[in-house]
Structure formats: C-alpha cells, structure tokens
Amino acid sequence: MLRPPIWKSVVELENRNGILHVDGCSVEELADVFGTPLYVYSRNRLVSNYRRLVNAYRRHYPKFQVYYAVKANNNPAVVKVLADEGAGADASCLSEILIAQRAGIPVDKILYSGVYNHTRDLHYAVDNGFRLNLEDISQIERLVTVPKALCFRINPGVGLGGAEGLVFAGPDAKFGIPDRDIEQAYRMAQQLGVERFGIHMMTGSNILSPDYFEAIVAKLLDIAGPISQRLGIRFDFIDIGGSLGVPYRPEQDELDIDDVARRVTNKLREKLDLYDMGEPDLIHEPGRYLVCDAGILLTRVTSIKKGYKKFIGLDAGMNTLLRPALYGAYHHILYANQLNALPDDQVNFVGQICENSDIFAKDLPFSSQLTVDDLLGLLNVGAYGFCMSSQYNSQPRAAEVMVDSGKATLIRERETFDDLVKGTIM
Ligand code: LLP
C-alpha cells in the first residue's frame with residue numbers, strides 16, 4: 001500500500017475513506033472546481049514548517065532570523081503567509097524583491113543575492129536601501145552609491161548537494177567569491193566607506209545531514225573570524241544559506257531540525273567567542289524546507305497505454321513539474337482518489353510533452369483498479385514546482401490553490417490560450 005512515512009508525517013495530508021484530503025479539502029472537489037493539473041498548497045503546513053524552524057533555533061540563539069528564498073515558490077500568497085509569520089526574504093532578482101515587498105516584508109529584511117548582476121540592478125538595490133549580497137569582487141567597483149551594508153557570498157572551494165545539479169560551491173560552481181579574494185573584497189568595501197557587513201555561504205541544496213550544517217557554520221566563521229580581526233570589522237549578520245533538505249523518497253528520514261539547530265548554534269557560539277565577534281544575527285534562508293511538503297500536484301490520468309511497457313499518461317508533465325526531467329528527481333505518487341488501492345502492476349508515469357524525458361517515474365508500482373480520469377497526487381512539489389514550469393509544447397501553465405482548514409482559495413488562475421500568445425506580434 002502506498003502509505004509511506006513521507007506523507008504520514010505531514011499531518012495536513014489525510015486519508016478520508018480512500019480520498020486524499022489536503023488541509024481539510026478533498027482532492028476530488030479541488031479537481032472538480034479548479035481543474036487539473038493543479039498545484040495545491042497547505043497554509044497550515046507552511047506555517048508549521050516556519051514555526052518549527054524558528055522555534056528550534058531561537059531556543060538556543062534568540063538573534064536567529066529566517067529569510068525565505070523566494071525563488072523556491074514565488075506565488076505572492078505563499079510569500080505572504082511566511083511574511084505574516086515574520087520571515088524576511090532572500091531575493092535573487094528585482095522581481096523577487098518586489099514580490100517580497102508586496103507581501104509586506106520590510107526593505108531591511110530583504111537580502112538581494114543576485115548572481116552575475118546587471119549594473120542597473122545593483123544600483124536599484126543600493127538606492128532603495130536593500131541589503132546587498134555580492135558574489136563577485138568586480139561588482140564592488142560598479143557601485144556608484146556606497147551601500148549602508150554589504151555582504152559577500154563565499155565559495156569555500158567545496159560543496160555538497162542532494163543531487164548533482166544541486167552543488168553550488170567548489171571550483172566548478174559559478175557562485176561566490178573564492179577563498180583567496182575574500183579579504184580583499186571586505187578591504188575594498190571598507191575603503192569605499194561601507195560600515196556594516198554580513199557574510200554568506202550557500203554551498204548546496206536539499207541536504208539531510210546535520211553534520212553538514214555544523215561544518216558549514218564552522219567553515220564560514222573560520223573565514224569571517226580572521227577577517228573581522230585583521231580588518232577590525234564587526235559582522236552584523238552571518239548567513240548560512242538555505243540547503244535544509246526534505247525526504248522525497250519513502251526510505252529517507254526527515255532532517256532532525258532540533259539537532260541541526262543545537263549543533264549549528266553551539267558551533268556558532270564557540271567560534272564567535274574564539275574570534276571575539278560579539279553576537280551577530282544568524283540568518284538561514286531556506287526555500288525547500290518551508291514550502292516543499294506543503295505542496296502537492298494533482299493530475300488526472302489521461303490514458304493508459306500498453307506499449308512495450310505500460311505507460312500511465314497524465315495531464316501534468318515536464319512542463320508542469322520539471323524536476324524529474326532536469327535532475328532525475330523522485331516525487332512520490334499517491335492514488336489520490338483511491339488511496340487504499342493496492343498496487344499489482346508496474347508502470348511508467350509520463351506527461352503529454354513530445355520528449356522522452358517527459359517522465360515522472362519509471363517502473364513504479366501501480367494499481368490496475370485505477371483508470372482514465374482517476375486522480376494522482378505528486379508529493380513535495382511546493383518548492384521548485386510551479387516556478388520552474390513552462391509553456392513548452394504550447395501548454396498553458398497550471399492553476400495554484402491555497403487550502404486552509406477545509407477552505408480553498410484560488411491563488412493563481414490557470415493560463416489560457418490567450419496567455420500563450422500574449423505579447424506576440426504577427
Ligand atoms: N539562498 C540562495 C542564495 C540560493 O541560491 C538558494 C537556492 C536558497 C537560498 C534556497 O535553497 P534551499 O533552501 O531551497 O535549498 N531547482 C533546484 C533547487 C535550486 C536551488 C537554488 N538556490 C531543485 O528543484 O531542487
């Protein structure tokens with residue numbers, strides 16, 4: 001039976017007489033009212049993910065802040081739920097800055113961490129008082145106005161990620177300032193007249209090992225400490241990036257966030273004492289941890305085909321959820337309107353796109369009780385789901401719905417043919 005721990009631990013997902021309910025809403029009703037494919041987000045899950053993280057850290061280190069990585073899910077309604085809880089934002093571009101602001105996040109709690117920034121964007125960020133995180137030393141010279149505060153993103157030369165495409169540091173990673181240039185970066189900023197500083201590291205994504213987070217804070221402080229002593233600068237904040245992983249596969253364990261928080265803050269205090277660095281803010285900027293398991297993708301079976309193998313065709317594909325095609329990522333699939341059906345077959349789940357990489361899963365168990373028009377639910381799609389979707393093969397994008405204790409609200413309309421041709425000129 002497909003009832004693995006990964007979805008049982010998400011209390012907002014329930015089996016009511018064989019019908020999946022998300023935050024009190026029946027998936028059958030959601031699909032009937034809003035159509036499929038449909039992204040569904042549980043408001044209560046977003047809130048509990050945020051609170052679990054904040055409580056775990058603040059118990060040990062009161063100056064802990066969460067800056068939500070807007071890129072993980074940029075729906076303004078999702079960002080607003082987290083903003084209302086008190087989250088700041090990690091924004092990778094100007095549009096994400098605007099989304100964060102629109103959600104009510106104050107200017108001084110938005111960190112602009114663009115990569116390979118356009119000069120125009122750097123100026124906008126400085127002129128409007130956003131915190132700036134630079135990942136390239138050459139950009140310092142392109143600042144016209146002196147920013148109030150400046151942070152640098154470090155590439156420590158090694159990285160780790162939950163998949164090959166999710167490693168963001170090391171010699172082959174395009175991100176960050178290498179070890180050898182870091183002191184020079186702070187020196188240049190000091191000479192420019194910058195008075196307040198931060199330091200940042202983001203070396204990989206979807207990590208399920210607490211050891212990693214302890215190691216990352218040690219590494220960052222061993223870089224920041226000597227700089228602070230040699231240049232006589234005080235760091236206002238230490239930003240350890242996102243990276244907190246979630247279990248996608250039934251056999252994976254959840255990250256023990258209390259353990260992570262205890263170990264990170266112990267190590268942080270030890271290093272702050274060692275280098276006499278006072279008590280800066282500790283910033284975590286997770287995307288996935290906050291939103292991933294709050295989202296499921298509802299899709300209908302469009303056809304069942306017996307080729308050389310058996311293929312279950314769905315109305316969602318790589319255009320709707322790119323992660324399987326891009327990273328070979330696994331998303332667990334539930335028989336959403338027949339949760340108690342027992343698998344007795346093996347199939348490939350595929351979408352409607354004319355690419356053979358348009359496949360969600362290969363040789364997975366399936367129940368022959370399911371037929372065309374039945375509903376499937378793909379788990380863990382709240383992060384890097386809709387925001388990485390496309391209109392490839394002229395497919396309008398899916399709709400998004402927020403559910404909250406039995407009430408469903410449309411938070412993004414399904415695209416139509418008009419959206420596909422909008423702005424085109426013939
Ligand atoms: N901060 C920075 C500077 C980042 O670049 C990212 C993610 C985050 C925070 C949030 O990382 P998280 O907590 O989600 O690990 N598309 C990939 C993930 C790419 C992450 C990019 N940067 C995926 O679907 O798994």
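## A tour starting at alanine 316

Begin by selecting alanine 316, which in this predicted model counts as buried because its relative accessible area is 1%, whereas the cut-off for burial is under 20%. This alanine belongs to the loop that runs between strand E15 (310-314) and helix H11 (323-327).

Next, display the residues that alanine 316 touches, leaving aside those up to four places away in sequence: Pro37, Leu297, Thr299, Val350, Gly351 and Phe360. Then add leucine 378, which is 62 residues from alanine 316 along the chain, although the C-alpha atoms of the two are separated by 9.9 Å.

Move on to helix H8, residues 210-231, whose 22 residues should span 32 Å at 1.5 Å a residue; the C-alpha atoms at its ends are 32 Å apart, so the expected and modelled spans agree. Select glycine 232 as well, since this residue follows H8 and has a positive phi, near 65 degrees.

Now zoom out to the whole protein, where 12 helices and 21 strands can be coloured separately. Its C-alpha atoms fill a box of roughly 70 × 55 × 40 Å along the principal axes, and its radius of gyration is 23 Å, in agreement with the value near 22 Å that a compact globule of 426 residues would have. Of those 426 residues, 56% count as buried, and among contacts between residues at least 6 apart in sequence, 68% join residues at least 24 apart.

Finish with a surface view, in which about 17800 Å² is exposed and carbon and sulfur atoms supply 48% of that area. Colouring by charge picks out 45 positive and 54 negative side chains, with the centres of the two sets 1 Å apart.

How values were computed. Residues numbered from 1 in each chain as written. Predicted model: local features only at pLDDT ≥ 70, side-chain atom pairs only at ≥ 80, totals over all residues. Heavy atoms only, no water. Helix = DSSP H or I, 4+ residues; strand = E, 2+ residues; numbered from the N terminus. Rg over C-alpha atoms; globule rule 2.2 N^0.38 Å. Buried < 20%, exposed > 50% of the residue type's maximum accessible area, 1.4 Å probe, protein only. Contact = heavy atoms within 4.5 Å. Areas by Shrake-Rupley, 256 points an atom, 1.4 Å probe, with all protein chains shown as cover. Lys, Arg positive; Asp, Glu negative; His and termini not counted. Charge placed at Lys NZ, Arg CZ, Asp CG, Glu CD. Expected span 1.5 Å × (residues − 1).
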